[in-house]
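Reader: Could you take a close look at one part of this chain for me, and then work outward from there? I would like to know which way the side chains face, what they touch, and where the backbone does something unusual.

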Amino acid sequence: MPVSADDASSHDLASPQVAYTIAAVERDTRISKDTLRIWEKRYGFPLPARDVNGERLYSHDQVERLRHVKRLMDVGHRPGRIVALGLAELRRLDACDPHADSDDLSRSNPQSPLNPSPALDMLALLRKHDQRALRRALGQQLLLMGLRRFIAEVVTPLLAELGDAWARGELAVFEEHLCSETLDSVLRHAVISLPDPSADAAPRVLLATAPIEAHGLGLLMAEALFGASGCVCMNLGRQTPLADIVQATLVHRADLVALSFSTAVNPQQALEALAALRASLPAEVELWAGCTLPAVKRRCPAPTRVIGRLDDIAAEVTRWRQARLNR
């Protein structure tokens, strides 16, 4: 909570009346205390004042800058490029580029410069069965990278490592469940923390899996990326009956319906579900299938769009916006 600045050194406080403790800044911005300290050392911002006990105190302007930094990171900007920017520049970026530049993500190194192998480090924590440490480490990477890079550079490689370990017989069923539940909790918190989209320009997206699909983590990852692209999302979760998807589409006034299919589903059943759903949806509602199965990608008829990579969501949302403007 804010405290009086009477007990604080005043060299860095924009307002002489109010200052914020590091705990208050963490609650307000959802940037962890550890990340704030790292940025202070690495980038020289935020550079708090100190009270008589040496505790950090942050000004209102610093907190406002941190709010913009968190939002810009969630949509793809790297902390090293934005943390030291002034408030005016951050506001300009936020206003001019609210959904970030997808090229920034596609050009990024698949391994984080802050940690050359974050997925392997997460896998090591999983093998220790320390769920709290795993959740903390994932949350730290999320804050350091932003949501898009976190999914591309930590979550996706981690799931690949899990698959390889499973194929080698090195992973127990409970360890896979432990990792999935931890990722689920971290991603749900990240989705809740996303800023509200601009209602006038936000595509309305309904997400679900068909009754044949029991896996829901890919759906949650897609929801996070749709949200980071400024979409209004309704996530119905796993194994939703097709009739319910159609009804929810109408109630939600959805522009897009996105279904997620894992490699465990039968391709023919996936194609049948997509065909049945496409026939039942209004013609103006686009149907997207998140799927890497070659048979689905090859045989899925237009106008259903098959999205093979989570990285492609931002570009597809941009395409949808441009098509809507050109109508």
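Author: Happy to! One term is needed before we start: a residue is called buried when its relative accessible area is under 20%, exposed when that area is over 50%, and partly exposed in between. Please also keep in mind that this is a predicted model.

Let's take helix α2, residues 33–43, as our part. Which residues of α2 are buried? They are Thr35, Leu36, Trp39 and Glu40. The numbering of these four fits a simple rule: an α-helix has 3.6 residues a turn, so residues three or four places apart point the same way. In α2 the buried residues cover an arc of only 140° around the axis, which puts them on the same side of the helix.

What does that side pack against? The partners of the buried α2 residues are α1, β3 (49–50), β4 (56–58), α3, α4 (79–82) and α8 (131–145). That list gives us our route, beginning with the end of α2 itself and then moving to its partners.

Just after α2, glycine 44 has a positive phi of about 75°. A little further on, phenylalanine 45 and proline 46 are joined by a cis peptide bond, with omega about -5°. Proline 46 belongs to the loop between α2 and β3. As background, most residues other than glycine have a negative phi, and most peptide bonds are trans.

Two of the partners of α2, namely α1 and α3, also meet each other. Two packed helices are described by the angle between their axes and the distance between the axes. For α1 (residues 22–29) and α3 (residues 60–74), the axes come within 10 Å and cross at roughly 40°. The crossing of α1 past α3 is right-handed. On the α1 side the contact uses Val25, Asp28 and Thr29, while α3 contributes Val63, Leu66, Arg67 and Lys70. Sorted by class, this contact between α1 and α3 has three nonpolar, one polar and three charged residues.

Another partner of α2 is α8, and α8 has a crossing of its own to look at. The axes of α8 and helix α9 (residues 147–167) come within 7 Å and cross at roughly 140°. The two helices are therefore oblique to each other, and their crossing is right-handed. From α8 the contact takes in Leu138, Gln141, Leu142 and Met145, and from α9 it takes in Leu147, Arg149, Phe150, Glu153, Val154 and Leu158. By class, the α8 and α9 contact has seven nonpolar, one polar and two charged residues.

Some of those residues turn up again around methionine 122, which sits in helix α7 (residues 118–127). Is methionine 122 buried or exposed? With a relative accessibility of 2%, methionine 122 counts as buried. Setting aside neighbours within four places in sequence, methionine 122 is in contact with Leu134, Ala137, Leu138, Gln141, Val154 and Leu158. Leu138 and Gln141 of α8, along with Val154 and Leu158 of α9, are also part of the α8 and α9 contact. Methionine 122 and cysteine 179 are 57 residues apart along the chain, and 9.1 Å separates their C-alpha atoms.

Between α7 and α8 there is a loop that holds histidine 129. Phi of histidine 129 is near 60°, which is positive in a residue other than glycine. Histidine 129 counts as partly exposed at 41% relative accessibility.

Glutamine 131, which lies in helix α8, also counts as partly exposed, at 27% relative accessibility. Which residues does glutamine 131 touch, not counting those up to four places away in sequence? They are Leu178, Glu181 and Thr182. The C-alpha atoms of glutamine 131 and leucine 178 are separated by 7.3 Å, although the two residues are 47 apart along the chain.

To return to where we began, the buried residues of α2 are Thr35, Leu36, Trp39 and Glu40, and their packing partners include α1, α3 and α8. From α8 the picture extends to α9 through the crossing at roughly 140°, and to methionine 122 of α7 through contacts that include Leu138 and Gln141.

Conventions: Residues are numbered from 1 along each chain as its sequence is written. This is a predicted model: local features need pLDDT of at least 70, side-chain atom pairs count only at pLDDT 80 or more; totals for chains, interfaces and linings use all residues. Side-chain values use heavy atoms; hydrogens and water are left out. Axes are lines fitted to C-alpha atoms, for helices over the stretch in contact, and angles run from 0 to 180 degrees between N-to-C directions. Helices (H or I, at least four residues) and strands (E, at least two) are DSSP runs, numbered from the N terminus. A crossing is left-handed if the near helix is turned anticlockwise from the far one by less than a right angle, and right-handed if clockwise. Contact means heavy atoms within 4.5 Å. Ala, Val, Leu, Ile, Met, Phe, Trp, Tyr, Cys and Pro count as nonpolar, Asp, Glu, Lys and Arg as charged, and the others, Gly among them, as polar. Buried means under 20% relative accessible area, exposed over 50%, partly exposed in between (1.4 Å probe, protein chains only). The arc is that of the directions from the helix axis to the C-beta atoms. Angles under 35 degrees count as roughly parallel, over 145 as roughly antiparallel, 65 to 115 as roughly perpendicular and the rest as oblique.
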